[in-house]
Amino acid sequence: MRHFMKTVIKTKIVTLLIFFNWILLFSQEYKTQIEENKFIERRNNKFGIVNTQNKIIVPFEYEFIDFKNSKLIVRKKELNGVIDTDNKEIIPIKYQYILPRNHNRFILWTKNSEFGLTDTSGKIILPVKYKSVSSNKNDDFYLTENKNGYCGVFDINGNIIFPEEYIFYTEDNYKIFATKNNKALI
């Protein structure tokens, strides 16, 4: 139940953020600079990338583009992926959501509510198999929950800090309130 409520809340927050971003973007003409000579632009309700000479770098075929971690999170046919600013695919367009994190990381979230973690080159750090992946407030540790309800902690490179043997209740500034074998732990 605890995980279900966390997932419902996360889903509602992400949905509201995307909804309000779309309202803002579609209510006005949109052009924003992302690199010295590259701009995200909207034409005919589709997004693409142009340079200062108005040459198209990324075709106008995306429902949405967001520039995060020096990469482009793109949305097409209600799925998300990541490309670079030269239109090279980094992460395939097959995820429900892609959540940018610090340290050049992205949390991947499938339509089946499976989560994983990747870097900006597309290298998988945590496989897309978890019931949840979240980060602490500084994004320097990742908390996972596996399909059996057990939780673990990984560093930003996917190294195990705590194995998936715990049930987590909350995380507070580098402290985790948990149980292991029915014993309360901090």
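This briefing looks at the side-chain contacts in the structure above. The model is a predicted one, so keep that in mind as you click around. Two kinds of contact get counted: there are nine salt bridges and four aromatic pairs. One lysine also has its charged end sitting over a ring, and that is K31 with F39.

**Salt bridges**

- Start with K38 and E35, whose side chains form a salt bridge with 3.8 Å from N to O. K38 is buried because its relative accessible area is 9%, under the 20% cut-off. Its partner E35 comes out at 29%, so E35 is partly exposed.
- Next up is the salt bridge between K147 and E114, at 2.9 Å from N to O. K147 sits in the loop between strand 14 (141-145) and strand 15 (151-155), while E114 sits in the loop between strand 10 (105-109) and strand 11 (115-119), so this pair ties together parts 33 residues apart in sequence. E114 is partly exposed, with 23% relative accessibility.
- Then there's E145 with K131, a salt bridge of 3.5 Å from N to O. E145 belongs to strand 14 and K131 to the loop between strand 12 (124-130) and strand 13 (132-135), so the pair links distant parts of the chain, 14 residues apart. E145 is buried at 3% relative accessibility, whereas K131 is partly exposed at 24%.
- Some salt bridges share partners, and in this way K31, E41 and R43 are joined into one network.

**Aromatic pairs**

- A pair of aromatic rings is described by two things: the distance of the centres and the angle of the planes.
- Among the four pairs is W109 with F115, a tilted pair with 4.8 Å from centre to centre and 40° between the planes. Both of these residues, W109 and F115, are buried.
- Another pair is Y130 with F154: the ring centres are 6.5 Å apart and the planes lie at 65°, so this one is edge-to-face. Y130 is in strand 12 and F154 in strand 15, which means the pair ties together parts 24 residues apart in sequence.
- Both rings of that pair are tucked away: Y130 is buried at 4% relative accessible area, and F154 is buried at 6%.
- Ring pairs also link Y97, W109 and F115 into a cluster.

**A charge over a ring**

- Look for K31 again, a member of the network with E41 and R43. The charged end of K31 sits over the ring of F39, at 5.1 Å from the ring's centre.

Terms used:
Residues are numbered from 1 along each chain as its sequence is written. This is a predicted model: local features need pLDDT of at least 70, side-chain atom pairs count only at pLDDT 80 or more; totals for chains, interfaces and linings use all residues. Side-chain values use heavy atoms; hydrogens and water are left out. A salt bridge is a side-chain nitrogen of Lys or Arg within 4 Å of a carboxyl oxygen of Asp or Glu. Buried means under 20% relative accessible area, exposed over 50%, partly exposed in between (1.4 Å probe, protein chains only). Helices (H or I, at least four residues) and strands (E, at least two) are DSSP runs, numbered from the N terminus. Rings of Phe, Tyr and Trp (its six-membered ring) pair if their centres lie within 6.5 Å; planes under 30 degrees apart count as stacked, over 60 as edge-to-face and the rest as tilted. A charge sits over a ring if NZ of Lys or CZ of Arg is within 6 Å of the ring centre and within 35 degrees of the ring normal.
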